[in-house]
Amino acid sequence: MEEYRISDAPASMFYIHDFITEEEERLVQQSIPANRWISLSHRRLQAVPTRLTATNTLLASPLPPWLTEPIINRFNDLSIFEGASHGVNHCLINEYPPGQGIMPHEDGGAYHPIVATVSLTGSLVLDVTAKVGSLVLDEDAVDGDRGQQVVPKSWRIFQEPRSLLVTMGAAYSDTLHGIADVTRDVDLNEHTVANWDLLGDKRVIEANGGRSERITRISLTYRDVRKVSVVGSNLFGKVRT
Ligand SMILES: O=C(O)CCC(=O)C(=O)O
């Protein structure tokens, strides 16, 4: 994975362009069930196999083949979820039309601290910001001694269709991530985009003066939910942590 590390980002984030082919992208997109979307105010999503319970427990059930093949084998080849509690057992599918994003947030302790995101169809910028008081912030907070306001450090990660972004470690636990609700990402260049050198195709952005128009983008966010209830293994469901 070292060759995919985003060096100008908190440890550890990795970016792989063209992680899946156009044909694989088309097959996954066609397989997303049309009748399972949950509409939120700014986007719609599907939780596969299901949403977590109120106690952040997953009612275990296998992920469907269209979400696992060939993606999970490629994760395994790269040992991405090595050391995770169960391996990938959950996938949130988010859809963002142009002008829609997601507020800065953290994914939290329900999951093992690794998320692997495959992007489909559209590109956009993921904004990553150090949490106040985090180790990531402290390393870069230079104005604390002088009592000046410390501005959290932030990074812009450009995600192309068919790419994979892996976030783990301090990048998972000490940062927030969000997506601006804009119709175009601007000011994209080697100084402003942390994974610029790892992008598959910068020419379109460069030819467009550092701008990237949003089209509908779908993300598959693969995770390992820590608490799993094996429904059916006993009458009341057994919770494994
Ligand atoms: O779509 C993405 O890349 C981010 C999704 C996200 O932040 C989430 O599902 O919590």
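**Group meeting: a walk through the sheet, the cores and the salt bridges**

Hi everyone, let me open with a surface residue: at 61% relative accessibility, Arg 203 counts as exposed. Its salt-bridge partner is Asp 201, with the closest N and O atoms 3.0 Å apart. Asp 201 counts as partly exposed, at 29% relative accessibility. Please keep Asp 201 in mind, as we will come back to that residue. And a reminder before we go on: what you have on screen is a predicted model.

Now the overview. The protein has 6 helices and 16 strands. Of its 241 residues, 45% count as buried. If we take contacts with a separation of 6 or more, 82% of them are between residues 24 or more positions apart.

Let's go to the sheet. What is the order of the strands in the open sheet of 7? Reading across, the order is S1-S10-S7-S14-S5-S3-S2, and the pairing is antiparallel. Strand S1, residues 13-16, and strand S2, residues 38-39, stand at the edges with a single partner strand each, so one side of each has no neighbour in the sheet.

Have a look at S14, please. This strand covers residues 217-223, and 7 of its 7 residues are buried, so S14 is largely enclosed by the rest of the structure. Arg 217, Ser 219, Thr 221 and Arg 223 point one way, while Ile 218, Leu 220 and Tyr 222 point the other way, and all are buried. On one flank, S14 pairs with strand S5, residues 90-96, in the antiparallel sense over 7 bridges; here Asn 94 has Ser 219 as its bridge partner. S14 also pairs with strand S7, residues 114-120, again in the antiparallel sense, over 5 bridges. In that pairing, Thr 117 stands opposite Thr 221.

Over at the S1 edge, the partner is S10, and the two pair in the antiparallel sense over 4 bridges. Tyr 15 stands opposite Leu 165 in S10, and Ile 16 stands opposite Leu 164. Are the residues on the two faces of S1 buried or exposed? Met 13 and Tyr 15 on one side, and Phe 14 and Ile 16 on the other, are all buried, and both faces are covered.

That brings us to the packing. The largest nonpolar core has 27 residues, and the members that touch the most others are Phe 75, Ile 93, Val 118, Leu 164, Leu 220 and Tyr 222. At least two residues of this core come from each of S1, helix H3 (71-77), S5, S7, S10 and S14. The largest share, 4 residues, comes from S7. For a feel of the packing, take Leu 220: leaving aside neighbours within four places in sequence, its contacts include Val 28, Leu 67, Ile 71, Ile 93 and Val 118. There is also a second, separate core of 24 residues, and its members include Met 13, Ile 102, Ile 157 and Ile 179.

Next, the charges. How many salt bridges does a search of the whole structure find? The count is 12. One of them joins Arg 162 and Asp 18, at 3.8 Å from N to O. Arg 162 lies in the loop between S9 and S10, and Asp 18 in the loop between S1 and helix H1 (22-31), so this pair ties together parts that are 144 residues apart in sequence. Arg 162 is buried, with a relative accessible area of 16%, whereas Asp 18 is partly exposed, at 46%. Both belong to a network of salt bridges that links Asp 18, Glu 22, Glu 25 and Arg 162.

I'll finish with Glu 160, in the loop between strand S9 (154-159) and strand S10 (164-168). Glu 160 is buried yet has no salt bridge, and the nearest side chain of opposite charge, Arg 162, is 7.8 Å away. Which backbone nitrogen does the side chain of Glu 160 reach? That of Asp 201, at 3.0 Å. So here is our old friend again, the residue that forms a salt bridge with Arg 203. Not counting residues up to four places away in sequence, Glu 160 also touches Tyr 15, His 17, Ser 119, Gly 122, Ser 123, Leu 199 and Gly 200, among others.

Thanks for listening, and over to you for the discussion!

Note on methods. Residues numbered from 1 in each chain as written. Predicted model: local features only at pLDDT ≥ 70, side-chain atom pairs only at ≥ 80, totals over all residues. Heavy atoms only, no water. Buried < 20%, exposed > 50% of the residue type's maximum accessible area, 1.4 Å probe, protein only. Lys, Arg positive; Asp, Glu negative; His and termini not counted. Salt bridge = Lys/Arg side-chain N within 4 Å of Asp/Glu carboxyl O. Polar contact = N/O pair within 3.5 Å; in protein donor to acceptor, adjacent residues only side chain to side chain. Contact = heavy atoms within 4.5 Å. Pairing = 2+ DSSP bridges. Core = buried A, V, L, I, M, F, W, Y, C linked by side-chain atoms within 4.5 Å.
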